[in-house]
Amino acid sequence: MSFTLAIVGRPNVGKSTLFNRLVGKRLALVDDQPGVTRDLREGAARLGDLKFTIIDTAGLEMATDESLQGRMRMLTERAVEMADACLFVVDARSGVLPADEIFADILRKKNAHVILAANKAEGKAGEAGLMEAYSLGLGEPLGLSAEHGEGMADLAYVLRPLIDLAEKESVDHTPEVDVDLTDEDEELGDDEVVEYIPPSASKPLQIAVVGRPNAGKSTLINKILGEERLLTGPEAGITRDAISVMTEWSGTHMRIFDTAGMRKKAKVQEKLEKLSVSDGLRAVKFAEVVVVLLDVDIPFEQQDLRIADLAEREGRAVVLAVNKWDMEGDKQDKLKSLKEQFTRLLPQLKGAPLITVSALTGRGLERLHDAILEAHQVWNTRVTTSALNRWLVGMLEQHPPPAPQGKRIKLRYMTQVKARPPGFVVMASHPDLLPASYSRYLVNGLREDFDMPGTPIRLFMRSQSEANPFKGRKKPGRSKLRKHIEGRKD
Ligand code: GDP
Ligand code: GDP
C-alpha cells in the first residue's frame, strides 16, 4: 500500500502537466473499474527520493456540457476517497475563481488532508494569485510551476512527513484522511479539542467482532442485528473480500464487518469454516473499532492476544468483551483475575475497556455499545495546536529532556497531524537522540491530560533543523480576508 496523493482542481490549472512531471513515463491507466473511475488516471510518482502514487482527475477537459460540474464533483469525491492526501491546484495567474471555491468546499466536507498549490507561479504574474489563494481557507499555498519545475522541493518538503506517517501506519484503510489543525485553531477559541461528530447513516461507525472460534461472535452479532434485520443483510463491502451489514444499534449507525457467522447466514459461496485468524485480520483492516470477544472459560488465548495486538498496531480502537458471562459463577473474583490478566498480557492496550457480556441473554450489551462509542470518540480526538503547545511547555518544565553526549535536546513545537488514531509531530533539535522513554513520557501525558484512554497514540519526532512546515500557515484574519476578496472584485 503506497501513499496516494490525488491532484484535484478545475480544468486548465495544470493538473496534467504536474501529473506528467511527477510520473514521467511511468504511467498506468486505471481501466478496470466501472463508471466514473475510468476518468481517474493513476501513476507511480517520484519526487526526489519520495515515491508515491498519484491520481489525477484527467479527462475532465473532455466534458463540455452542463454536466461538467456534477462530474467534477463526483470525480473529485472519488479521488479524495481513494487518496491519503489531496493536492488542490489553483491557477496563480487567473486567481481564485468561483469554481475553485466549489472544490475547496468539497475538500472541506470530505475532511481531506489538503495541500494547496497555486500553479503557474513562475515570475511576477503569479504573485497576486498566490496571495489570493489564502482566501480559500486551506492554509498556506505552495507556489508551483509545473511547467518549469519550480516549487518541487517545497512540495516534497510538505509531503515527506505525510508519507512517513502513512508508512509507519502500514496498512490503514480508514476511510478518510485528516486535516491538520493548525488553521482551525482560530475558530476554536479556547476549546482544547475539536467537537466529536457522532456516527450517522452516511458515516456509520465501522466495527469488527473478532475472536477465537466459538467465542460467540455470531450470537453476539445476531443479537445486535435482531433476527429481522438479517433479511436486509449482508451486502458487498468496500472490497470483494469483506462483507458487512449496516444496522442501528441503540440509536448508533454501525457497519459490522466480516465474520464467519455472517457468512453462514448470508449463504455466501465461500468456505464455511469458522472464523480463522486471517479472516479476523481482514476484518480489522476495515474497522474503526475492533471488538475482541473472549470466551469467559478460556480468555486471553494466544489467538486472542495476537489479534488484539494486531488491532493496536494497525491503529484501531480496541474494546475487549468477555462473553458467556451468564455461565460464570463467581463473577467478582473472575472479573478481578480478568483485569489482572489484561494488564499483564496486553500492556499496549492500557486503558482500553473490558466489558462483560452475555450474547445469549443480551446482558451487558448496552454497556458494550457505550464502550464502543466512547472508544470511537477517543480515537477521533483532535487537540488544537495551541493547547498542545501550552501543554508541551508544562511537560518540558516538569521533566526536561536529557542532554545525551552533552547535546541538549530541544523540543520546540508540536502539532497533531492526524486523528483516527491521534498522531502528533514534535519538532526537536536532535530527534534521533531522544530516548524512547521520553517519548513514552509524552504519550502517557497526552493520554492523561487530553483524556485519551485506550487508544493508540502515535508520536513522531521531526528534526528542527529543517524549516518548520507549520510556520506561516496561519491564514489572514476573517475581516482582512474579506476586504482582500472584495477589494479584488471591484
Ligand atoms: P489541467 O486541465 O488542469 O490538467 O491543465 P493542463 O496540465 O492541461 O494545463 C493547462 C494549460 O496550462 C496548458 O496550456 C499548460 O501548458 C499550462 N501550464 C501548466 N503548468 C503551467 C505552469 O507552471 N506555468 C504556466 N505558465 N503554464 C502552465
Ligand atoms: P462464533 O464461532 O464465535 O461465531 O460462536 P457462536 O456464536 O457460533 O457461539 C458458539 C457457541 O457458544 C454456541 O453454542 C452459542 O450458543 C454459545 N454462546 C454464545 N454466546 C453465549 C453466551 O453469552 N452465553 C452462553 N452460555 N453461550 C453462548
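This note sets out points on a predicted model, beginning with one strand and its neighbours and moving on to two ligands and several loop residues.

1. Strand 13. This strand spans residues 317-323, and seven of its seven residues are buried, so strand 13 is largely enclosed by the rest of the structure. Ala317, Val319, Ala321 and Asn323 point one way from the strand, while Val318, Leu320 and Val322 point the other way. In a regular strand the side chains alternate between the two faces of the sheet. Both sets of residues in strand 13 are buried.

2. Pairing with strand 12. Strand 13 pairs with strand 12, residues 289-295, in the parallel sense, and seven bridges join the two. One pair of bridge partners consists of valine 289 and alanine 317, the latter in strand 13. Between these strands the chain passes through helix 10, residues 302-313, and the resulting β-α-β crossover is right-handed.

3. Pairing with strand 14. Strand 14, residues 354-356, also pairs with strand 13 in the parallel sense, here over three bridges. Isoleucine 355 of strand 14 stands opposite alanine 321. The connection from strand 13 to strand 14 runs through helix 11, residues 331-345, and this β-α-β crossover is right-handed.

4. Surroundings of ligand 1. There are 15 residues around ligand 1, and those that come nearest are Asn12, Ser16, Thr17, Glu122 and Glu147. Helix 1, residues 15-23, provides the largest share of the shell, with three residues. By class, the shell around ligand 1 holds three nonpolar, six polar and six charged residues.

5. Polar contacts of ligand 1. Which atoms of the ligand take part in contacts with serine 16 and glutamate 122? For serine 16, a polar side-chain atom lies 2.7 Å from an oxygen atom of ligand 1. For glutamate 122, a side-chain N or O atom is 2.7 Å from a nitrogen atom of the ligand. Lysine 15 contributes through its backbone, with a polar atom 2.8 Å from an oxygen atom of ligand 1. On its own, ligand 1 has 580 Å² of accessible area, of which the protein covers 76%.

6. Surroundings of ligand 2. Around ligand 2 there are 16 residues, with Asn214, Lys217, Ser218, Thr219 and Asp326 coming nearest. The element that gives the most to this shell is helix 7, residues 217-225, with three residues. The shell around ligand 2 is made up of five nonpolar, six polar and five charged residues.

7. Polar contacts of ligand 2. Two backbone contacts may be noted here. A backbone N or O atom of alanine 215 is 3.3 Å from an oxygen atom of ligand 2, and a polar backbone atom of glycine 216 is 2.9 Å from an oxygen atom of the ligand. A side chain also takes part: an N or O atom in that of lysine 324 lies 3.1 Å from an oxygen atom of ligand 2. The protein covers 78% of the 580 Å² of accessible area that ligand 2 has on its own.

8. Phenylalanine 300. This residue is found in the loop between strand 12 and helix 10. Its phi is positive, at about 55°, although phenylalanine 300 is not a glycine. The relative accessibility of phenylalanine 300 is 7%, so the residue counts as buried.

9. Aspartate 451. A positive phi, near 60°, also appears at aspartate 451, again in a residue other than glycine. Aspartate 451 belongs to the loop between helix 14, residues 436-449, and strand 17, residues 458-463. Is this residue buried or exposed? Its relative accessibility is 57%, so aspartate 451 counts as exposed, the cut-off being over 50%.

10. Asparagine 380. The loop between helix 12 (365-379) and helix 13 (385-398) holds asparagine 380. With a relative accessibility of 14%, asparagine 380 counts as buried, because buried means under 20%. A polar atom of its side chain lies 2.9 Å from the backbone oxygen of histidine 376.

11. Proline 421. Where does proline 421 lie? Its place is in the loop between strand 15 (411-418) and strand 16 (423-428). The peptide bond that leads from arginine 420 to proline 421 is cis, with an omega near -5°.

Notes:
Residues numbered from 1 in each chain as written. Chains lettered and ligands numbered in written order. Predicted model: local features only at pLDDT ≥ 70, side-chain atom pairs only at ≥ 80, totals over all residues. Heavy atoms only, no water. Buried < 20%, exposed > 50% of the residue type's maximum accessible area, 1.4 Å probe, protein only. Helix = DSSP H or I, 4+ residues; strand = E, 2+ residues; numbered from the N terminus. Pairing = 2+ DSSP bridges. Right-handed = clockwise from strand over helix to strand, strands pointing away. Near = heavy atom within 4 Å. Polar contact = N/O pair within 3.5 Å; in protein donor to acceptor, adjacent residues only side chain to side chain. Areas by Shrake-Rupley, 256 points an atom, 1.4 Å probe, with all protein chains shown as cover. Nonpolar A, V, L, I, M, F, W, Y, C, P; charged D, E, K, R; others polar.
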